[in-house]
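Let's work through two short exercises on pockets. Have the sequence and the 3D view ready, and try each task before reading its solution.

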Amino acid sequence: MADLLIELFSEEIPARMQKNALADLTRMMSEGMANAGLTYGDKSGFVTPRRLVLMMSDVPAMSMPKTEERKGPRVDAPEKALEGFLRGAGLTKDQLKTRDDPKGAFYVATMTAPGRSANDIIAEALEKTIRNFPWPKSMRWGDGDLKWVRPLHSIIAVMSDGEESEIVPFEIAGIKASNTTHGHRFLAPDEITVHNAEDYMAKLAKANVILDPIARADHIRNEATNAAFAIGLSLIEDEKLLNENAGLVEYPVVYLGEIEEQFRTLPAEVLQTSMAEHQKFLSLKNADGQITGYVIVANRSTKDNGAMIKAGNAKVLRARLSDAVFFWENDLRNVERHGVEPWLEKLSNVTFHNKLGTQGERIDRIVELSREIAPMVGASPDDAATAAKIAKADLASEMVYEFPELQGVMGTYYAKAAGHSNAIANVCTTHYAPLGPSDDVPTEPTAIAVSLADKFDILTGFWAIDEKPTGSKDPFALRRSALGIVRIILENDLRISLADMIGKGHEGANSSDLTRFIIDRLNVYLRDQNIRHDVIGALKNDSDDLALLVKRVKALDAFLKTDDGTNMQAGIKRALNILSAEEKKDGVSFELDPDPKLMKHDAEIALQNALDKAEATAIPALKSENFEEAMSAIGQARSAVDTFFTDVIVNDDNAIIRRNRLCILNRIRVLSVQICDFSELEG
């Protein structure tokens, strides 16, 4: 057994591509080796800006021999057919076996392919991986035809067993596999020769390369936190930006900078966004929560302790923040003098979509829809309309033009400056929520009304012009809007009909089709909460009132996890199966009320009484939406159902008694269908 080390060493890989690239390398090499019958033990991978690394342990020198059976012609087939089969298999007739199947006896050849060299398999898998690597963007360089994200310089492919190691014979586009690499671009650029994975990791560490991206991120966090603490500041957590910085450097060195006093009047979001988007700075705050400093993550240490790096970055930041101050002050002057109306007029000339009109027309639709939704969610129609009117005005501001990611946030500042109340102004930010699965949803009634109006307008609009998501393509983020509707409704326990809401949107939107689309997002939401898919399916067509539907789903899921629920499900499905078979055979349905005078067996009478009792409790409970009580009542009939099927023969020789017993089973069907479609449940 040997250990395999692979390194693909290139120019800088964009940080946003690194995580997926490592996953793709691991997957493609694993599949390539496994498909060729070459096993391995553990595997691990690492990625830096300049290298993709894969390590595999316990790789055998040869793959296992592969045995398979090949079906031949029938034994009574013409001789020429058998001769052709033997030539193809490379066997003689006496090496064949015979097998029988419903169509007769036929010949079978047992084929054994010998094991192959691990080096050959690895080389084949590596070439296929490199040639077919799924980079989002790639390039060619020089005279070769190889495409890679950036020019590929070298490849390590080494098999090692203790002190012994060998290079896997491999070459692609003039690049031969070797056992050499380079350390840090600036701090240790010389060539490094490695013998195995352990040697590789140790020598890279000495060459100022932190191989593990998690370790690099942790190093940045710890260094920044400690340095900031020393000057009375604290790091503002930004995991995404932290990981991006870890993807930009192989040897992170942290330097701190201070925001000049003249820029500290800018909103915190502007400071943080400007520094993060343009210069990848992490932000630092003082004890009062004010952003007063930043963290530069460099790729090297310097003799001047970063003085030149800090000065250069401060100069660039000063220019960026000077622009931000200009935009901020200019926008503020405009809204203080004229409100947001001039911006709304501008938006009337900005196209939202060539088939859906301008941004101004979209705002008008959201205003009207917000007014209609407001009473349903406990908001003032006038407040909702006012908030909807100004919610997107900042799209015409200079600040949002420069920093689109601040839309909504800046709107809140500008709305307050224009004299609107905090409650109205905050809708500018919150109506966009949720933007992701972990974001909070709006909870204030006015914000809920505007957020739902915004999302229903965009969904019904694109449904009306038949621009729906297809496969993985969703350019207008319609799935996100639908999931946002689901979460807002459920997390605020709103009783809203989807069909009613869709009907208030764009004409031409297919209500039932769009309702199904939103309920599909509900299914995803519930599956993430570990609700069984068949439980969701058993209720999914019952209602477009999502809050009510989820209450029923959760009650059913809990019921089916109990002994009574499990056994009652089995009894109900048995009753449904018998009824279906007998109704098909007789060509009639057994929907009459059972006649107590025809009940000759104690188990029949007990079941009839149990169903009477269950109905008396369950039906009122269902009407009052107490689904737990309804299911508990039905579950109490479980014993009577079990005894009935144990002691009673449904298909009695007496046709009248048989029909009466089938009518008893129909009572189970009638009661169960009010709970869910039990035929959709598994088990």
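**Exercise 1.** Find the volume of the largest pocket and describe its lining.

*Solution.* Step 1: the largest pocket has a volume of about 1400 Å³. A pocket is an open set of points on a 1 Å grid over the protein atoms alone, where a 1.4 Å probe fits, with protein on both sides within 12 Å along at least five of seven lines; lining residues have an atom within 4 Å of a point. Points are joined across faces, edges and corners, and the volume is the space filled by probe spheres set on them.

Step 2: 38 residues line this pocket, and Glu405, Gln407, Tyr432, Leu435 and Arg480 are the closest to its centre.

Step 3: helix 7 gives the largest share of this lining, five residues. Helices are DSSP runs (H or I, at least four residues), numbered from the N terminus.

The model is predicted: local features need pLDDT of at least 70, side-chain atom pairs count only at pLDDT 80 or more, and totals for chains, interfaces and linings use all residues. Residues are numbered from 1 along each chain as its sequence is written, and side-chain values use heavy atoms, leaving out hydrogens and water.

**Exercise 2.** Now do likewise for the second largest pocket.

*Solution.* Step 1: its volume is about 610 Å³.

Step 2: of its 24 lining residues, Ala15, Lys19, Pro213, Asn243 and Glu244 are the closest to the centre.

Step 3: helix 1 gives the most to this lining, with eight residues.

Notes. Helices (H or I, at least four residues) and strands (E, at least two) are DSSP runs, numbered from the N terminus.
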